[in-house]
Amino acid sequence: MDLLSVNSVNKSYGGVIANIDVSLTVPKGKIVGIIGPNGSGKTTLFNSIVGHHPIDSGEIYFNGEEISSLPIPKIARLGMLRTFQQTHIYGKMTCIQNMQISSDIDANWKRVFNPFSKDVDEMVNELLAFVGLYKKRFLLAGDLSFGQQKLLEFAMALMKKPTILLLDEPTAGVNPTLINGLIDRLHQVNEEKGITLLVIEHNMRVVMNLAEHIYCLANGTMLADGKPDEIQNDQRVIDAYLGN
Ligand SMILES: Nc1ncnc2c1ncn2[C@@H]1O[C@H](COP(=O)(O)OP(=O)(O)O)[C@@H](O)[C@H]1O
Ligand SMILES: [Mg+2]
């Protein structure tokens, strides 16, 4: 069954056409990748899917429900979460506090100053350890490196137990020595927690190791899609990357 299905979506910003007739499907339980040169419309597509902005035309179905006119919190409550290319964390709060407020989709700031349940604390520790940040748990998130902030944001998303997680360039800015570990964790999240993943990734090696099916955007249109080896050998994809 397709968990997510994007049908012929168009999106412009004023005169800038960012997505033209874009379609894709994400089957439940799979890891699907999106590649494409800078400015090809990848992040715009994520923003359309999660309800960050209205689309100009097309349809987006999640779990059989048309969601293209729903606002972000409503879509989040249906089980769809995303992480950002530029991280969205609370820099003046510790890693633990960032995780605690993520335990609730409708996080209420006041809760930060109230005790959290033992279950939440256990989950915080477990997930911080999972992404390799347990030793940094008392540090302010703003004092982490960019790559560590991306790992924290990933762990924060997992606190909310999403059905599908949309990751926007999860390895960008992450120390190369940590990237293989991160790929393993993404596989683990998919296999053990059953979370479907849609991953924008600039690094070809990473996306080849991660996704079972890959879509390639170029100049706002869907240029090609296929299995990793098909995409790797697709002349149109090679040209789009070399031409950039
Ligand atoms: N908020 C915005 N306002 C105006 N133009 C935008 C905005 N966001 C993206 N764009 C433009 O849309 C195009 C696609 O951008 P984006 O979706 O960020 O691509 P990618 O994530 O593939 O690098 C680019 O030309 C970009 O400059
Ligand atoms: Mg982007």
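Here are four short exercises with worked solutions on the structure above.

The model is predicted: local features need pLDDT of at least 70 and side-chain atom pairs pLDDT 80 or more, while totals for chains, interfaces and linings use all residues. Residues are numbered from 1 along each chain, chains are lettered from A and ligands numbered from 1 in the order written, and side-chain values use heavy atoms, without hydrogens and water.

**Exercise 1. Check the length of helix α5 and find out how enclosed α5 is.**

Step 1. Helices (H or I, at least four residues) and strands (E, at least two) are DSSP runs, numbered from the N terminus. Helix α5 covers residues 146-159, which makes 14 residues.

Step 2. The expected span of a helix is 1.5 Å times one less than its number of residues. For α5 this gives 20 Å, and the end C-alpha atoms are 20 Å apart, so the two agree.

Step 3. Now look at burial, where buried means under 20% relative accessible area, exposed over 50%, and partly exposed in between (1.4 Å probe, protein chains only). Of the 14 residues of α5, 13 are buried, so the helix is largely enclosed by the rest of the structure.

**Exercise 2. Which residues have a positive phi although they are not glycine?**

Step 1. Recall the usual case: most residues other than glycine have a negative phi.

Step 2. Go to the loop between α5 and β7 (164-168), where K161 sits. K161 has a positive phi of about 50°, and at 62% relative accessibility K161 counts as exposed.

Step 3. Go next to the loop between β4 (57-62) and β5 (65-66), the place of N63. The phi of N63 is near 55°, and N63 is partly exposed, at 44% relative accessibility.

**Exercise 3. How many salt bridges does the whole structure hold, and what do they join?**

Step 1. Start with the rule: a side-chain nitrogen of Lys or Arg must lie within 4 Å of a carboxyl oxygen of Asp or Glu. A search of the whole structure finds 3 such pairs.

Step 2. Take E212 and K30, which meet at 3.6 Å, N to O. E212 is in the loop between α7 (204-210) and β9 (213-218) and K30 in the loop between β2 (16-27) and β3 (31-35), so this pair ties together parts 182 residues apart in sequence.

Step 3. Take E126 and K193, with their closest N and O atoms 3.8 Å apart. E126 belongs to helix α4 (residues 118-130) and K193 to the loop between α6 (176-192) and β8 (196-200), 67 residues apart.

Step 4. Take R236 and D234, whose side chains meet at 2.9 Å, N to O. R236 is partly exposed at 47% relative accessibility, whereas D234 is buried at 15%.

**Exercise 4. Describe the surroundings of ligand 1.**

Step 1. List the shell, meaning residues with a heavy atom within 4 Å: Y13, V16, A18, P37, N38, G39, S40, G41, K42, T43 and T44.

Step 2. Sort these residues into 4 nonpolar, 6 polar and 1 charged. Here Ala, Val, Leu, Ile, Met, Phe, Trp, Tyr, Cys and Pro count as nonpolar, Asp, Glu, Lys and Arg as charged, and the others, Gly among them, as polar.

Step 3. See which elements contribute: β2 and α1 (42-50) each supply at least two residues, and α1 gives the most, with 3.

Step 4. Read the distances to oxygen atoms of ligand 1: a backbone N or O atom of G39 lies 2.7 Å away, and one of G41 lies 3.1 Å away. For T43, an N or O atom in the side chain is 2.9 Å from a ligand 1 oxygen.

Definitions and conventions
A polar contact is a pair of N or O atoms within 3.5 Å; within protein, one must be able to donate a hydrogen and the other to accept it, and residues adjacent in sequence count only if both atoms are side-chain atoms.
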